[in-house]
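Colleague: Could you walk me through this one? I would like to hear about its core and about how its parts meet.

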Amino acid sequence: MLYGKKDQSKKSTYLQPIFGSTASDRDVPKYKLGTHPIEPRIAYQLVKDELLDEGAARQNLATFCQTYMEPEATQLMGETLEKNAIDKSEYPRTAELENRCVNMIADLWHAPEQETYMGTSTVGSSEACMLGGMAMKLRWRARAKAAGIDVLGKRPNLVISSGYQVCWEKFAVYFDVELREVPMTADNMSLDISNITSYFDEYTIGVVGILGITYTGCYDDIAGLDAVLNDYNKTAKISIPIHVDAASGGMYTPFMSPELKWDFQLDNVVSINTSGHKYGLVYPGIGWVVWRDKTYLPEELIFSVSYLGGDMPTMAINFSRSASPIIGQFYNFMRFGFNGYKAIHQRTHDVARFLAKTVASTGRFTLYNSGEQLPIVCYKLKDESEQEWTLYELADMLQMKGWQVPAYPLPDHLSDIVIQRYVVRADLSMNVAEEFAEDFKWAIAKLDNSRFLRQKDKDKGVQGFTH
């Protein structure tokens with residue numbers, strides 16, 4: 001084939017090696033736009049290279065967020081990235097899939113048939129918690145005014161365990177609510193309900209029960225909390241409701257512990273949130289919030305939008321966002337069904353139990369969670385003061401093998417205790433878990449050996465090198 005000068009130039013552009021290009025011979029633009037465009041394949045490679053030294057997501061044992069979906073789900077989500085979830089008139093079938101997901105989740109959480117439940121998708125549980133919190137505040141304000149309480153007399157308050165996720169602190173700051181923290185103790189790593197009524201007054205908008213505390217994976221005793229409120233609300237000037245923050249447990253517990261009462265089976269539970277991108281098995285970010293009846297969702301939080309082509313109600317805080325995670329959630333619901341989710345979670349539970357046994361077998365650690373509730377493994381060093389190394393050093397050693405394992409202090413009142421945690425997700429197979437177990441033992445042996453060498457040098461009186 002013959003090429004003119006112009007065609008030759010075009011041909012050479014596509015034949016040019018990526019790492020022989022002008023763009024690859026200079027630093028990529030960082031804080032100021034570059035002057036000239038870059039060929040797509042070269043831009044792709046340069047951006048990919050920017051991520052070379054970042055950890056592998058599937059080796060990240062710190063995050064609850066899913067790091068694997070089936071290729072068909074990934075393809076489907078990739079093909080729907082351009083759909084805006086808020087444009088319900090333009091994308092009515094997408095809106096219908098969201099509605100189906102809300103109904104399926106409400107069914108999982110035993111929404112009463114005699115009540116009219118309401119729900120919506122959110123970007124994640126943070127947005128869902130904000131909505132649940134605002135609904136409680138606005139409903140409290142209306143009832144307080146009706147009861148003759150001075151709603152401006154002092155700030156309303158929300159009662160919660162000190163093991164809360166940071167989104168609740170954000171809620172309190174953003175919406176001017178006092179966060180009344182019930183301290184966790186070494187003997188009770190969840191909400192202590194023994195004296196919880198002492199935190200209540202007529203300005204209490206609600207109590208948050210956590211189904212899977214971020215620090216340890218432990219469940220609050222929500223049924224016990226409900227029993228306390230049944231008695232308290234009989235004489236209270238304003239009854240106090242429960243919002244369940246089931247970010248982690250909301251799509252795990254219904255399959256693994258169906259006998260546990262924590263949801264709308266309890267009279268005082270009025271709203272629940274969960275993260276579809278955790279044990280709902282969807283990539284970030286997708287969350288859900290459901291109210292047991294429309295009376296618990298104040299009308300002030302429902303906005304009518306008419307400029308998108310139809311008169312559509314919306315209750316989410318965020319507006320424009322991709323609908324692909326919603327579609328991914330519906331794919332999973334249709335693909336797995338109840339038994340599929342149960343099988344996946346059961347295997348995840350088995351892997352967590354295996355890793356807990358691996359940790360226990362060393363005799364070095366005190367376990368706070370062995371995967372009995374959420375598939376979380378959480379522990380501290382038994383005799384930290386006598387150890388020559390810390391959990392932070394163990395985390396660094398595991399990082400050498402690519403594993404991202406967090407070590408961190410517990411919240412206030414327990415901040416002197418440093419713990420380490422593994423979040424076992426669906427993509428951590430037993431085969432991969434066995435590899436991690438070997439690396440875990442290797443890391444401990446390495447730390448012990450370095451301690452031995454330090455002690456040996458100390459005994460010899462070696463102080464370091466001199467010139």
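Modeller: Happy to! Contact here means heavy atoms within 4.5 Å. Please keep in mind that this is a predicted model.

Colleague: Then which residues does Valine 244 touch, leaving out those up to four places away in sequence?

Modeller: Valine 244 belongs to the largest nonpolar core, where Ile196 and Val244 touch the most other members. Leaving out residues up to four places away in sequence, Valine 244 touches Gly209, Leu211, Ile222, Trp262, Val269, Ser271, Ile272 and Asn273.

Colleague: Nice. Which helix gives the most to the largest nonpolar core?

Modeller: That core holds 55 residues. Several elements each supply at least two of its residues, including helix 4 (92-108), helix 7 (222-235), strand 6 (269-275) and helix 9 (324-361). The core also draws at least three residues from each of domain 1 (78-333) and domain 2 (343-448). With seven residues, the element that gives the most is helix 9.

Colleague: And which three residues supply the most of the area that domain 1 buries against domain 2?

Modeller: The contact takes 22 residues from domain 1 and 24 residues from domain 2. About 1,900 Å² is buried between the two domains, with carbon and sulfur atoms giving 70% of that area. On the domain 1 side, 33% of the buried area comes from Tyr215, Tyr252 and Tyr279.

Colleague: How many residue pairs are in polar contact across that interface?

Modeller: Salt bridges between domain 1 and domain 2 number zero. For polar contacts, both residues must be at pLDDT 80 or more, and the count of pairs across the interface of domain 1 and domain 2 is seven.

Definitions and conventions. Residues numbered from 1 in each chain as written. Predicted model: local features only at pLDDT ≥ 70, side-chain atom pairs only at ≥ 80, totals over all residues. Heavy atoms only, no water. Core = buried A, V, L, I, M, F, W, Y, C linked by side-chain atoms within 4.5 Å. Buried < 20%, exposed > 50% of the residue type's maximum accessible area, 1.4 Å probe, protein only. Helix = DSSP H or I, 4+ residues; strand = E, 2+ residues; numbered from the N terminus. Domains from an automatic or database assignment. Buried area = accessible area lost by both parts, 1.4 Å probe. Salt bridge = Lys/Arg side-chain N within 4 Å of Asp/Glu carboxyl O. Polar contact = N/O pair within 3.5 Å; in protein donor to acceptor, adjacent residues only side chain to side chain.
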